[in-house]
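Colleague: I would like a close look at one part of this protein, the nonpolar interior. Please also cover the cysteines.

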Amino acid sequence: MSGPAGPVLPQHSAPARDGVLRHARIGDLFLETGGYLPSVSLAYETWGTLNADASNAVLVAHALTGSTHVARGDSGEDGWWDALVGPGKTVDTDRFFVVAVNMLGGCYGSTGPSSADPQGLAWGSRFPFVTIRDSVRAEARLADLLGIGSWHTVLGGSLGGARALEWAVTEPERVRRCAVIACTAASSAEQIAFGRAQLEAIRLDPDFNGGDYYNGRPPTAGLGLARRIAHITYRSEAELEHRFGHEPQAQEDPLGSSLPAFRGRYAVESYLDHQGKKLSSRFDANSYLLLTEALMSHDVARGRGTLRQALARTDSEFFIAAVDSDRLYLPRQSFDLAAALPRETEVQMISAPIGHDGFLTDVEQIGAPLRERFFGSP
């Protein structure tokens, strides 16, 4: 095993373009649970311009199956948080330099299980366990390469919220403001249970082959089932009932056959099938496993005493938000996190019948208080 290699500065032959994927090699990484990755590359996108003293840098962390494409840019492609990030928006890219990084182990450009190892073979089952803290340490190296000594703000929702919180505690001197949206201080037993069911759905797919499927068929059936399980937790019971109720899918009859395997579907079944197929066509199953395991391991107080003691490590100003209909990350868990912070912090509520995904679909509801608290001036 070679020693850690020095990071390689990202090379830009022209001025940076907004919302265009780039890559930076950050060197070798020794991971929290004992794993090792040589010559790690992180994929990232940026918007805006870093000012002279690098005081206007904002890090936005994506959710589990999210990408680096937070906002529209020169490519013209819509971003997943366009309501919050962009020219004139809450996180105003005319004033702030926004960075979004594909988490270590992901499949949108960063080193992950589908990446080539030093011998040119896909890592597959040999890719090591990555924790949220590992991702923070990797992203801190990228910040160094970009000339960012500290972040004006780190923010994210769901898995991105876990990364934002971990940034504030792992690198306290580098985070001046931290926004944790639809996430908690630690993954709960129920959240871990839902995650485990998704992991097993993938691993039981005959095409999974222990994680070494890159020369054959990918485990799309298992990944699709994992997404179905997850998506039920992302949406509320009320939203599913309002949209689908007990209605059959168009031109299908759920009682149309004496054999269950050949019956028609209910509308909600068709909806979940669509969600499963959509994800399995764009995401790598091993990365889904890896990032889910990382989120299951999330506990900002691990090895740091009580939650209050862990959070006392940071001087960041915090912004905490929850979705009122969230049945995966319960609002009371956000209140528990806020109560443990060193300074009094109000929990902002996103009122959305949709459930957990309200942090994506209705995020504009927290735009005004977030702007007032964090983004009034660089």
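Modeller: What follows deals with the core and then with the cysteines.

This is a predicted model, in which local features need pLDDT of at least 70 and side-chain atom pairs count only at pLDDT 80 or more, while totals for chains, interfaces and linings use all residues. Residues are numbered from 1 along each chain as its sequence is written, and side-chain values use heavy atoms, with hydrogens and water left out.

A nonpolar core here is a set of buried Ala, Val, Leu, Ile, Met, Phe, Trp, Tyr and Cys residues joined through side-chain atoms within 4.5 Å. Buried means under 20% relative accessible area, exposed over 50%, and partly exposed in between (1.4 Å probe, protein chains only). The largest such core has 73 residues, and W151 and Y288 touch the most other members. The most is given to this core by helix α7 (residues 285-296), with eight residues; helices (H or I, at least four residues) are DSSP runs, numbered from the N terminus.

Leaving aside residues up to four places away in sequence, Y288 touches L64, T65, Q198, I202, L223, A226, R227, A230, L279 and F283, where contact means heavy atoms within 4.5 Å. Separate from this is a second core of 29 residues, with A100, I350, F359 and F374 among them.

As for the cysteines, the structure holds zero disulfides, a disulfide being a pair of cysteine sulfur atoms within 2.5 Å. For C178, the nearest cysteine sulfur is that of C183, 10 Å away. C178 is buried at a relative accessible area of 0%, and C183 also counts as buried, at 1% relative accessibility.

Key: Helix = DSSP H or I, 4+ residues; strand = E, 2+ residues; numbered from the N terminus.
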